[in-house]
Amino acid sequence: LTGIQFYLGTFLVNLLGSFLIGFIYKSELAFLTPYLKIFIMTGVLGGLTTFSGFALDFLQLAQMGEVRKALAYFVITNLLAISGCFLGYQTALRQ
């Protein structure tokens, strides 16, 4: 859609991971002890939603002279990831 590689994989993984982190954080499922929540959120989902991959994607766009697209990628990813985390949190409230 943008005429260049948009780094859709990193984008989607970050959104999914953010949603799941919000869900796990607020979830009251019996098997999710506080220690298991921390392990899942930081160990598993923290590794899945790698900020370093996102940073590299941003840098590559900027280096290709696509500064506007790099900034749009930065803003959209951050806004949607935070929104996804909030949505996951709200979904867990309703369980």
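A residue counts as buried when its relative accessible area is under 20%, and as exposed when that value is over 50%. I start there since two residues in this talk fall on opposite sides of those cut-offs. The structure on the screen is a predicted model, and every value I quote is computed from it.

First, the overall picture. The protein chain has 4 helices and 0 strands. Read from the N terminus, the order of elements is α-α-α-α. Along the principal axes, the C-alpha atoms occupy a box of roughly 50 × 25 × 15 Å. The chain has 95 residues, and 28% of them count as buried. Its accessible surface is about 6300 Å², with 73% of that area belonging to carbon and sulfur atoms.

Next, contacts along the sequence. If we take contacts between residues at least 6 apart in sequence, 71% of them join residues at least 24 apart.

One helix pair deserves a slide of its own. How far apart are the axes of H1 and H4, and at what angle do these helices pack? Helix H1 covers residues 8–26 and helix H4 covers residues 67–93; their axes are 6 Å apart, and the packing angle is about 30°. Angles under 35 degrees count as roughly parallel, so H1 is roughly parallel to H4. The crossing of H1 past H4 is right-handed. Sorted by class, the residues in this contact are 15 nonpolar, 8 polar and 1 charged.

Now to single residues, beginning with Asn14, which sits in helix H1. Is Asn14 buried or exposed? Its relative accessible area is 7%, and the cut-off for buried is under 20%, so Asn14 is buried. Which residues does Asn14 touch, once those up to four places away in sequence are set aside? The list is Thr49, Thr50, Phe54 and Thr77. Of the helices I have given ranges for, H4 spans residues 67–93, and Thr77 carries a number in that range.

The other residue is Pro34, in helix H2, which runs over residues 34–48. Pro34 has a relative accessibility of 62%. Exposed means over 50%, so Pro34 counts as exposed.

Thr49 links the two residues in this account. Asn14 touches Thr49. Pro34, on the other hand, is 15 residues from Thr49 in sequence, and the C-alpha to C-alpha separation of Pro34 and Thr49 is 21 Å in space.

To recap: H1 and H4 pack at about 30°, Asn14 in H1 is buried, and Pro34 in H2 is exposed. That is what I have for today.

Definitions and conventions:
Residues are numbered from 1 along each chain as its sequence is written. This is a predicted model: local features need pLDDT of at least 70, side-chain atom pairs count only at pLDDT 80 or more; totals for chains, interfaces and linings use all residues. Side-chain values use heavy atoms; hydrogens and water are left out. Buried means under 20% relative accessible area, exposed over 50%, partly exposed in between (1.4 Å probe, protein chains only). Contact means heavy atoms within 4.5 Å. Accessible areas come from the Shrake-Rupley method with a 1.4 Å probe; for residues, only the protein chains shown count as cover. Axes are lines fitted to C-alpha atoms, for helices over the stretch in contact, and angles run from 0 to 180 degrees between N-to-C directions. Angles under 35 degrees count as roughly parallel, over 145 as roughly antiparallel, 65 to 115 as roughly perpendicular and the rest as oblique. A crossing is left-handed if the near helix is turned anticlockwise from the far one by less than a right angle, and right-handed if clockwise. Ala, Val, Leu, Ile, Met, Phe, Trp, Tyr, Cys and Pro count as nonpolar, Asp, Glu, Lys and Arg as charged, and the others, Gly among them, as polar.
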